[in-house]
Each structure stands twice: as structure tokens, then as C-alpha cells.
Amino acid sequence: MALPGLLLLLLSLLVLRQSILVMLIAALTYAYLVWGDSAPQFMVLDAWDALNREVLLSIPLYLLAGNLMSKGSMAARITVLMQSFTATVPGGLALSAVLACALFAAMTGSSTVTLLAVGTVLYPALLAAGYDRRLSIGVLCAGGTLGIIIPPSIPLILYGVMTNTSIIDLFYAGLGPALLLIGLFAAYVLWRCRHMPAQQREMSRRQALRHSFGALLAPLLVLGGIYSGYFTATEAAAVAVAYTLLLQVGIYREMGWQDVGEVLVDTSRLIGGLFPVLMLAVCLNMFLTYQQLPEQWVSSALSVVDSRGSFLLASNLLLLATGSLVDIGSAILILAPLLHPLAEQLQINPVHFGIMMIVNLEIGYMTPPMGLNLIVAMGAFRVGFAEVVRAALPFIGLMLLGLVIVAQLPVLTLFLL
Amino acid sequence: MAALLQKLDLWERTLCALAFSVLAIVLIADVLLREISGNGLPWVQQSGIYANVVVALFGLGLATSAGSHLRPRFADHWLPLAWQPMLQRIGYAVTGFFLLLFAVFALQFSLQTRALDEVATVLRIPLWPMQLLIVIAFASAALRSFIYCLQPQLGPESD
């Protein structure tokens, strides 16, 4: 009787348009009252411990750096650079969209920011150069999702926090699948646009490199610092903020301190939406652990899904369905602690499983009805939802192919560890 | 009501911007000092964590006023459109209730911490005032939701 009661409560809250935060408070209070052997206020102890962690400091700083980078001309500079290298190839402009999205995603770590920043510059250029409208929308939507898997990525940090997996290892592991997806997108656009005429460069490569040098240095500094072991993830985030401020305020002079203040408030709003959910997801995880539910869940799940292959298939289907309905942050915070012990029991490397999970949820950005990049693209490119979905379809297929490869070839993820 | 919401918003925006600046400055200073002198500052991480707590908790109010909380939207059209205004008001009341409930739990918890004289490990300052921020932040977000329930036109556009 207790479990249907909980489901009924959650369903009622869903219909009343409640946030994940409210649903977690309600579910935890219910769980403490019905199954707990301590008073509900003890959930605040776990909530406090969740917030009181050094590892979380990288998240606000990466979000801040990403938001600072999205103002001004950094995306446009990166785009010009990519165009200078690809313009002479048939389909080069579409290829530059993939590469510019990948590079800008590596700088900002955000899918929607990448889609908007690069899309604003390249979408009119693609249409003006005679590229198919559907392909143009699709490539920008898909390129935007690369921000999820290319380090430094907030979802990778969240997975690391929720499952106690090394965030640096996840950053290393994300590189292979990211390159695979970039390769798949690039090969597809080059094949689709093989009959498009090559174009003139806007700038010579040397000029473009000089024009974008400052912006280009940002991902090199952050990723180089992390991969060389010189910086921890948090230190690299602090360096990213300092460098972006120097660039935007001091060198490019595209932002004043008042603009920086606005970005601080905007980023605080994002953190205020994410961290309380994180805090309560940790509480839920701790409650489940106190009640020894993960062990029970693992043993009962193993009676149904008893092999590595069937687990990977079942978990991927579950994640695809979840990713198309809820945002990636909520999906990771709730599902990662549930699926992680099962994966470990089946001898699946936790880093490999985490990357597979993120690649899978990345597809959720492109799938109806709730794909965030589809919704953002509708507004940014002023097209109907059905048109955006049709544009996204070939790229969803490519991402599914990428997911199968990532799931089946752990070496692609683990070769740098 | 609108004036109260504006004051609340201004107060939380200012606090968040200040705490975020502290967070960024102390962590950047720590990296720079380590590069220059080879030693970081021992209190930096803990100060950064507390600054982050302030940003996360008062950002909650900002997220509430912008209607930008993480929310599953696939069930938004399960009930008739004509019911939406009524459902929206009930929704605000329910949000306010649960946020206030959590604030009450947090108050009980911070009073216990105070009674036990618990202090932060590195900074050696009492923990309860920091934990009291959870109470203030959740109560403030609850107050906003109750105001939106009474006057839905003051609520965020995205709701």
C-alpha cells in the first residue's frame, strides 16, 4: 500500500507542474515517515553534507566561464577560424559548423549555449551559401549537443559526484566518444554536401588564427591543464574564469563589470535550480543506502537482467526514454546511483558506464517531445517543431550509432586511463 | 506584494553576486599563490564551499522568481486547458507548502547543531549560522510561491 501511495503522490505533483525539487522533498518526507527509522529532519544532515563538498566548486565556475564566453564575439571568432580551414572543401561550411560547435562546446560545456552562439553566426551563413535548411538546422542542433560529452562537462561532474567516480578519469574518457561523434557528424555532412561548390575564405588561415588566438587559447589552457595533470578540475575551472574575464573585459573589451555582474546573477539562477536538486538527490541516495535498498534492487534486478549485454540494452532503453522526457541533470542525479551499482556488479567499468550514460542522455537533447535543443532551435531559427524534428532525425541516427559503438567498445572510452 | 518581491529579488541578487565574486576570487587567488609561492591558502577551499552554499541557496529564490527550476514538462497537457489557471494556483500553494516544510526541517536541524556547539573543521566557526541559510533560502522561496498563489499575475512568465 505504501509504494502505490508514493507513486500517486508523485503523479499528482507531476500533474500540478511541480519541480523535481518539490517532488524530491515530497518523496523523501514520505519515505522517512513510512519506511524511515529516524525523523524527517535528518534528511537535512545529508543535504548539508552534500553541499559541503569541495568537488562541487568546479560546477559554478565552469557555468560562469561558459556564460562569460557566450557573451561577445568568442563564438564568431572560433567560427571564422574553422571556416578558414574548411571553406575550400565541398560542404566545408557545414563541416565548419560541426567543428566550431565542438570547439565552443569544449569552452562552455553547455549544449544550448553552443547551439545559440554558433547557430546565430552560422545559420544565416549556411542558408545564404545555399545549404539545405533542414541539414543546417540538424547539424547545428547535433553539434550543440557535443557540449555534454566534451570535457569539461557539467553532466560528467554530476555523474562523478553521484557515483564517487574520478572526475578527471571521466574527463579523459569523454574524449574518445566525443571525437567519434565529431567524426560521424563530419563524415555525414561531407557526404550530404559532396556536390556543394567550395567557397572563398573570409580570411586567410594566418589572419583567422591571429583573430581567434585568444579565444582558441581558452580550451587549450583548460583541457591542457587538466590532461597534463597540472590543474585539478576545480583549479582548471578557476583558471577558465580568470582567463575569460581577462579576455572579455581586458583584451576584447566587449564586457564591462556591470555585464559581469549580470552574468554572475544569471549563473546564480542556474546554480539555484541545480544545486538544491543535487542536494536532495544525495539525500535520497543516502536514504536508500541506509535502508539497504541498492543491495535489494541489485539482487532483484540481476534476476531479470543477468548478463552484461542484456543490462546494457535495458539500461540504454531506459535512459533513452528518460532522456526524451526529463532534463539531463535530473536524469543523472536520480538514475546514476541506481544503475551504477548494478553496472559494477556486472563488471562494467564505472567510467565506461558513466560515459555511455552521458552519450545516451545527450541524444535526449535531440528527441521529441522534450529535446531541449529542438525547443531552442525552434525559437532561434524560427521554424516549426515538426521541421526541427525532421532535421534532427539523421543526426539522432548517427548518435544512436555512436552510442552502440561506445557501449560495445569500452576501449574507446578507457584508452587514456 | 510586488514591492516585497522586488526587494526580495534585489537582496538575493546582491547576495549571490557578492558570494559568487568571493568564490571566484578566492579560488583564482589560491591557484595564483600556489604558482608564485608554491603554497596555497589553507582556508580557501572551506571559504569557497561556504560562498558556493550562499550562491546555491539564494540562487534558489532567483530560480523560483524566474520559473527556471528543473521540471518535467511532459505531463503539462494531461488535464484540460480550461483548468490550468486553477491548477497553477494550487501548484504554487503545493510548492510553497513543501518548500516551507523543508525550511522547518532545516530549522530543527540547525537548532540541534547549535545545541551541540558544532564548528567547521578548518575555519573553526560555528556551523549553525551557515545551516540557518537553508532555512532562510527555502522560507524565502516558499514565501514567493505563496504570493504567486494569491496573485498569479506576479508569477514568472514561464509558469
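This tour moves from the interface between two chains to the nonpolar cores and then to a single glycine. The model is predicted.

**The interface**

Select chain A and chain B together and display the residues of each that touch the other. The contact draws on 60 residues of chain A and 59 residues of chain B. About 5,200 Å² is buried between the two chains, and carbon and sulfur atoms contribute 75% of that area. Within chain A, highlight Arg17(A), Trp48(A) and Arg269(A): these residues lose the most area to chain B, together 15% of what that side buries.

Next, turn to the polar links across the interface. There are three salt bridges between chain A and chain B. For one of them, select Glu235(A) and Arg34(B), whose closest N and O atoms lie 2.0 Å apart. Between the two chains, nine residue pairs are in polar contact, with both residues at pLDDT 80 or more.

Now colour chain A by helix. On the side that touches chain B, two or more residues come from each of α1 (2-15), α2 (20-34), α3 (42-51), α4 (58-70), α12 (233-251) and α13 (257-290) of chain A. Helix α13(A) gives the largest share, 15 residues. Sorted by class, this side of chain A holds 42 nonpolar, eleven polar and seven charged residues.

**The nonpolar cores**

The largest nonpolar core contains 208 residues. To find its most connected members, select Tyr62(A), Leu140(A), Phe311(A), Phe395(A), Phe102(B) and Phe138(B), which touch the most other members. The largest share of this core, 15 residues, is again supplied by α13(A).

Centre the view on Phe138(B) and show its contacts, leaving aside neighbours within four places in sequence. From chain A, Phe138(B) meets Leu21(A), Ile25(A), Pro276(A) and Met279(A). From chain B, its partners are Leu57(B), Leu60(B), Leu99(B), Phe102(B) and Ala103(B).

Apart from the largest core lies another, of five residues. Its members include Leu5(B), Tyr92(B), Tyr148(B) and Cys149(B).

**Gly92(A)**

Finally, select Gly92(A), which is placed in helix α6 (residues 92-108) of chain A. Is this glycine buried or exposed? Gly92(A) has a relative accessible area of 1%, and since buried means under 20%, it is buried. Beyond its neighbours within four places in sequence, Gly92(A) is in contact with Thr86(A) and Tyr131(A). As a last step, select Met82(A), ten residues from Gly92(A) along the chain: the C-alpha atoms of the two are separated by 9.2 Å.

Note on methods
Residues are numbered from 1 along each chain as its sequence is written. Chains are lettered from A and ligands numbered from 1 in the order in which they are written. This is a predicted model: local features need pLDDT of at least 70, side-chain atom pairs count only at pLDDT 80 or more; totals for chains, interfaces and linings use all residues. Side-chain values use heavy atoms; hydrogens and water are left out. Contact means heavy atoms within 4.5 Å. Buried area is the accessible area (1.4 Å probe) that two parts lose on being put together, summed over both. A salt bridge is a side-chain nitrogen of Lys or Arg within 4 Å of a carboxyl oxygen of Asp or Glu. A polar contact is a pair of N or O atoms within 3.5 Å; within protein, one must be able to donate a hydrogen and the other to accept it, and residues adjacent in sequence count only if both atoms are side-chain atoms. Helices (H or I, at least four residues) and strands (E, at least two) are DSSP runs, numbered from the N terminus. Ala, Val, Leu, Ile, Met, Phe, Trp, Tyr, Cys and Pro count as nonpolar, Asp, Glu, Lys and Arg as charged, and the others, Gly among them, as polar. Buried means under 20% relative accessible area, exposed over 50%, partly exposed in between (1.4 Å probe, protein chains only). A nonpolar core is a set of buried Ala, Val, Leu, Ile, Met, Phe, Trp, Tyr and Cys residues joined through side-chain atoms within 4.5 Å.
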